[in-house]
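Visitor: I would like to learn how to read a protein model, feature by feature. Where do we begin?

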Amino acid sequence: MKKNTLLFCTGISGTGKTYFIKNTLPKGLFYNLKSVTTRPMREGESQGNPYYFCTEDEFEHYELATKLFVNEAFWKKGQPKWLYGVTEQEIKEHIGLNLTYDVIQPKYVRQMIDWFRLHNLDRLYTFKIAYFIPQENDNLDTAKKRANMPNDIAVRTKNTCNPCDFVKEGLDVDYLNIATQNLISPKLLKHIQSLQQNIK
């Protein structure tokens with residue numbers, strides 16, 4: 001039986017993960033898993049684009065496959081928590097499709113893989129990890145342009161995605177990309193082509 005692909009796009013803020021998913025992957029070939037989040041909407045966002053926005057109370061009632069607390073290092077009692085997580089329902093509604101998960105830190109890749117294995121869904125999916133390599137200060141400059149809330153840039157720079165982070169989580173990187181220079185792994189492009197052929 002041919003398996004679908006769950007493609008993890010990992011890398012710090014500004015490395016081109018989201019752009020790659022939206023503009024490089026063939027339309028309709030992958031579904032990008034959406035997280036619920038408690039953080040406020042930024043300019044240009046809306047409910048369901050790119051996240052499902054909710055309160056902290058609502059968040060705690062979701063059954064989650066992954067759970068991220070991105071401003072934990074800066075959080076103080078009484079302040080809002082910026083929580084993110086992919087709900088189990090979000091995944092189950094899209095089983096049978098090729099999936100992408102856009103996430104910075106490898107520890108959340110591990111969470112997602114462990115959830116799939118716990119629910120015996122690894123029989124349906126192969127897991128592929130694409131690491132989007134940061135380029136000196138280019139990524140930080142991009143992150144600064146996007147930051148429009150208190151602690152925004154601090155949160156973006158605190159969340160790391162280094163080779164050692166993959167090793168700590170027992171993960172192997174399948175593809176190396178420098179999307180800011182339009183350099184995408186030939187192996188990844190070949191895998192995408194094979195998925196397209198399977199659909200035809």
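Guide: We go from the whole chain to the sheet, the core, one helix and a few single residues. Keep in mind that this is a predicted model.

Visitor: How many helices and strands are there in the chain?

Guide: The chain has eight helices and nine strands. Of its 200 residues, 44% are buried. The accessible surface is about 11200 Å², and carbon and sulfur atoms hold 49% of it.

Visitor: What do the contacts in the chain say about separation along the sequence?

Guide: Take the contacts with a separation of 6 or more: 72% of them join residues 24 or more positions apart.

Visitor: Now the sheet. In which order do the strands of the open sheet stand?

Guide: To read a sheet, list the strands by who pairs with whom. Here five strands form an open sheet in the order β2-β7-β1-β8-β9, with parallel pairing. Neighbouring strands are turned against each other by 25° on average, ignoring direction.

Visitor: Which strands stand at the edges, and why is one side of each left without a neighbour?

Guide: The edge strands are β2 (30-32) and β9 (175-177); each has a single partner strand, so one side of each has no neighbour in the sheet.

Visitor: How many bridges join β1 to β7, and how many pair β1 with β8?

Guide: Five bridges join β1 to β7, while the parallel pairing of β1 and β8 runs over seven bridges. You can follow both pairings residue by residue. On the β7 side, L7 stands opposite T100. On the β8 side, L6 stands opposite F127, and T10 has Y131 as its bridge partner.

Visitor: Is β1 enclosed or open to the outside?

Guide: Count its buried residues, taking under 20% relative accessible area as buried. Six of the seven residues of β1 pass, so the strand is largely enclosed by the rest of the structure.

Visitor: Which helix lies across these strands?

Guide: Helix α8 (residues 186-199) lies across β1, β2, β7, β8 and β9. The helix runs at about 115° to β9.

Visitor: How many residues has the largest nonpolar core?

Guide: The largest nonpolar core has 28 residues, and L6, F8, L33, I91, Y101, M112 and F116 have the most contacts inside it. Two or more residues come from each of β1, β7, α4 and β8. The largest share, six residues, is given by α4. Another core of 14 residues lies apart from it, with C9, F20, F30 and Y175 among its members.

Visitor: What does Y101 touch?

Guide: Leave out residues up to four places away in sequence, and Y101 touches L6, L7, F8, C9, N32, S35, T66, L68, V86, Y108 and M112.

Visitor: How far apart should the ends of helix α4 be?

Guide: Use a rise of 1.5 Å a residue: the 13 residues of α4 (residues 106-118) should span 18 Å, and the end C-alpha atoms are 18 Å apart, which agrees.

Visitor: Which residues of α4 are buried, and what covers them?

Guide: The buried residues in α4 are P106, Y108, V109, R110, M112, I113, W115 and F116. Their cover includes β1, β5 (68-69), α3 (88-92), β7, β8 and α7 (163-168).

Visitor: Which residues other than glycine have a positive phi?

Guide: Two cases are N120, with phi near 60°, and N182, with phi of about 60°. N120 lies in the loop between α4 and β8, and N182 in the loop between β9 and α8. N120 counts as partly exposed because its relative accessibility is 45%; N182, at 65%, counts as exposed.

Visitor: Is the peptide bond from N49 to P50 cis or trans?

Guide: For this you look at omega. The bond from N49 to P50 is cis, with omega near 0°. P50 sits in the loop between β3 (36-37) and β4.

Visitor: Finally, is Y52 buried, partly exposed or exposed?

Guide: Y52, in strand β4 (residues 52-53), has 32% relative accessibility and so counts as partly exposed. Beyond its neighbours within four places in sequence, Y52 is in contact with Y31, K34, S35, V36, T37, Q47 and E90. The C-alpha atoms of Y52 and M41 are 9.7 Å apart, with the two residues eleven apart in sequence.

Conventions
Residues are numbered from 1 along each chain as its sequence is written. This is a predicted model: local features need pLDDT of at least 70, side-chain atom pairs count only at pLDDT 80 or more; totals for chains, interfaces and linings use all residues. Side-chain values use heavy atoms; hydrogens and water are left out. Helices (H or I, at least four residues) and strands (E, at least two) are DSSP runs, numbered from the N terminus. The expected span of a helix is 1.5 Å times one less than its number of residues. Buried means under 20% relative accessible area, exposed over 50%, partly exposed in between (1.4 Å probe, protein chains only). Contact means heavy atoms within 4.5 Å. Accessible areas come from the Shrake-Rupley method with a 1.4 Å probe; for residues, only the protein chains shown count as cover. A nonpolar core is a set of buried Ala, Val, Leu, Ile, Met, Phe, Trp, Tyr and Cys residues joined through side-chain atoms within 4.5 Å. Two strands pair if DSSP finds at least two bridges between them. Axes are lines fitted to C-alpha atoms, for helices over the stretch in contact, and angles run from 0 to 180 degrees between N-to-C directions.
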